[in-house]
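User: Can you walk me through this one? I have a few short questions.
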Amino acid sequence: MNGIKHLSYEVLNRIVERRISSDERVWADRHLARCGVCRSERDWLERIRVYPTPFPTMPPLIGST
Ligand SMILES: [Zn+2]
């Protein structure tokens, strides 16, 4: 049995935060190179990291009356 081990959320998080160890990085890069699933997960994490709130909270309607 050799099941494919996808990158965990934790590892992907470390990648986008540049906190991943070099050993892990090599393994993760190799996996990302051939795994579209994990690549899109990482891209998604990068996106939410840059834009933490895709829908910013409505500004309070102070003084609009
Ligand atoms: Zn994967």
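Analyst: Fold content comes up below, then helix packing, then burial and surface.

Analyst: This is a predicted model, where local features need pLDDT of at least 70, side-chain atom pairs count only at pLDDT 80 or more, and totals for chains, interfaces and linings use all residues. Residues are numbered from 1 along each chain as its sequence is written, and side-chain values use heavy atoms, with hydrogens and water left out.

User: How many helices and strands does the chain have?
Analyst: Three helices and zero strands, in the order α-α-α along the sequence. Helices (H or I, at least four residues) and strands (E, at least two) are DSSP runs, numbered from the N terminus.

User: At what angle do α1 and α3 pack?
Analyst: About 55°, with the axes of α1 (residues 9-16) and α3 (residues 36-50) 9 Å apart. Axes are lines fitted to C-alpha atoms, for helices over the stretch in contact, and angles run from 0 to 180 degrees between N-to-C directions.

User: Which residues meet there?
Analyst: From α1, Tyr9, Leu12, Asn13, Ile15 and Val16; from α3, Cys38, Glu41, Arg42, Trp44, Leu45, Glu46 and Arg49. Contact means heavy atoms within 4.5 Å.

User: Switching topic, what share of the chain is buried?
Analyst: Buried residues (under 20% relative accessible area, 1.4 Å probe, protein chains only) are 22% of the 65 residues.

User: And how much area does the chain expose?
Analyst: About 5,700 Å², with 57% of it from carbon and sulfur atoms; the areas come from the Shrake-Rupley method with a 1.4 Å probe.

User: What about contacts far apart in sequence?
Analyst: Of the contacts between residues at least 6 apart in sequence, 53% join residues at least 24 apart.

Notes:
Buried < 20%, exposed > 50% of the residue type's maximum accessible area, 1.4 Å probe, protein only.
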